[in-house]
Structure formats: structure tokens, C-alpha cells
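Colleague: Could you show me how to read an enclosed space and a helix packing in a model like this one?

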Amino acid sequence: MDFLMSGLAACGACLFTNPLEVVKTRMQLQGELQAPGTYQRHYRNVFHAFITIGKVDGLAALQKGLAPALLYQFLMNGIRLGTYGLADAGGYLHTAEGTLSRPRSAAAGALAGVMGAYLGSPIYMVKTHLQAQATSEIAVGHQYKHQGMFQALSEIGQKHGLVGLWRGALGSLPRVIVGSSTQLCTFSSTKDFITQWEIFPPQSWKVALVAAMVSGIAVVLAMTPFDVVSTRLYNQPTDAQGKGLMYRGVLDALLQTARTEGIVGMYKGIGASYFRLGPHTILSLFFWDRLRTVYYTYTK
């Protein structure tokens, strides 16, 4: 049930935040490996991107890649939050005195995130391809011509085999390790702090909400550079063998981006990242906490 509740919580959040994921993906690909001021900015900021995509591609384009996004969230967060929840329920995250161990919490969050992200990597890659697709007028990054999730997975599998389906998986792991450990550690720590200080009544939904809001800020600051690199690794064009033509790996992508676009390039789309990750973190962790509370209340 922990895995099921975790997956459902993430899917509930994804329904609301997927348009922000579309905007974030395009802003991260805009001006890829080009010096600032040398390319046309189709998307000036989050709000301008929303208006531009809706006007040029149509409102439905704001929900591009929804099917793989939901499937990825169910797989990735079902495993990630479910595993972390089991570790928490089993008492593995607390010291002998009963207080939360931050190193254990961070390690459990990172390990759980790696497991979920690696298994769901092919789905995330296809999601990135679909969300980057746009009319030539506002297109950014490499443009794949997929017709949908199943067609894309089938085509990649036929052309490049299992290796092709998991292309970019290792490159996404630093993003997940940093993001997951930061998210779950800060969420648990903040929740523990609020509970100890009795800021809100016991079992109040406000405890989970405030903890999730703090966690969202921490995640965006820590994860955005790795998120930019992960998006670009997944979306880069490939040769006949399925090997990326622009980047050799995470470190190469980080160095190339920093050299050509500067530190600002590492944080491209940070506004969109917060508007997406903030609500997604808040909603998914809030739904997860509430579902677990209700379940354990009525099954005891």
C-alpha cells in the first residue's frame, strides 16, 4: 500500500504541474550551447512561455507528454516514496533516542530516488522528447518526431535496443540523488522541527504543507543545474548507434554549458523549475503524507 499511495500522490500532483514541466523543458533547451545574446529568445520568462506556447502550439500543447509523465511519476515516486516510507515506518531513519537522523534520511532518500529514476528512465526520456516538440516558429533543442509514448518507445527500442531506451539514465542519477535526498531530508527535518515545537496541532495538515513548501525551495536550489544537464542529455540527437552527438556525459555537459552559457546557463529555467517543482513537491508530499495518515489511522 505504501508504494500504491506514493504513486497515486505523485500522479495527483503531476496533473496540476505538467504544463509547468513543458515550459521548464523548453526554457532549459533554449539557447543550448550558445552564448547569451547570440540567439532568439522565444521564451522570455515563465509567463511569456505559457502565452507563447498556448498561442502558437495551442492550449493542448501545455499538456504535452502527460501520459509518460503520469507513468513516470507513478513508477519513480511509487518506488521512491514507498521505499522511504517503509524505511521511516521501520524506524531505520531515527536514532536510538527517537530523533530523526539527517544522514540516514538523506542516504535513504538518495537510494530510493536512484532505484525509481533508473527504472523509469526510458519513460522520462520519451516525456522530454514529446514536451520539447513544437512548431518550427518556437522550436528549441533537437526536435524528435514521435507520435506518442508507445510509438516512441517502440521506435527507440527497434533502432537502438535496450541500451538506447536507457540512454541518459546514468546522466539523470546525479539530478535524482541531489533532488531526492534534499527533498525527503528537508521535508522530514522540517516536519520533525514543527512537531517538536508544537507550532500546529498534532496531525494537522498544516505541518505537512509547511514542510513541503520548505522542501520545494531547497530542492530547486540544489537540483536545477543537474536538471538542466539531464534534460539536454536526454534530448540530444544521436548517431546510428544511439550515441549522443553533443555530450559525452554529465561532466562534459556541465563543463560545456558553464563555458558557453556561464553560471546563468546552469540555472536556466529556474523560475519555471520552482513554479513546477515547488507545487509538485508540495502537492506530492502533502498527498503522500495525508494518504499515509488516513491509511494507518483506519488500519490500526
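**The cavity and its walls**

Modeller: By class, the lining of the largest cavity has nine nonpolar, 11 polar and five charged residues, where Ala, Val, Leu, Ile, Met, Phe, Trp, Tyr, Cys and Pro count as nonpolar, Asp, Glu, Lys and Arg as charged, and the others, Gly among them, as polar. This is a predicted model, in which local features need pLDDT of at least 70 and side-chain atom pairs pLDDT 80 or more, while totals for chains, interfaces and linings use all residues. Residues are numbered from 1 along each chain as its sequence is written, and side-chain values use heavy atoms, without hydrogens or water.

Colleague: How much space lies in the largest cavity?

Modeller: A cavity is a set of points on a 1 Å grid over the protein atoms alone where a 1.4 Å probe fits but cannot get out, and lining residues have an atom within 4 Å of a point. Here the structure holds one cavity of 30 Å³ or more, and the largest encloses about 310 Å³. Among its 25 lining residues, Gln73, Arg175, Arg276, Leu277 and His280 are the closest to its centre.

Colleague: Which helix gives the largest share of that lining?

Modeller: Helices are DSSP runs (H or I, at least four residues) numbered from the N terminus, and H3 gives the largest share, six residues.

Colleague: At what angle do H1 and H3 pack?

Modeller: Helix H1 (residues 2-29) and helix H3 (residues 66-89) pack at about 140°, their axes 7 Å apart. The two are therefore oblique to each other, a word for angles that are not under 35, over 145 or 65 to 115 degrees.

Notes. Axes fitted to C-alpha atoms, helices over the stretch in contact; angles between N-to-C directions. 1 Å grid on protein atoms, 1.4 Å probe; cavity = no way out; pocket = protein on both sides within 12 Å on 5 of 7 lines; lining within 4 Å. Points joined across faces, edges and corners; volume = space filled by probe spheres on them.
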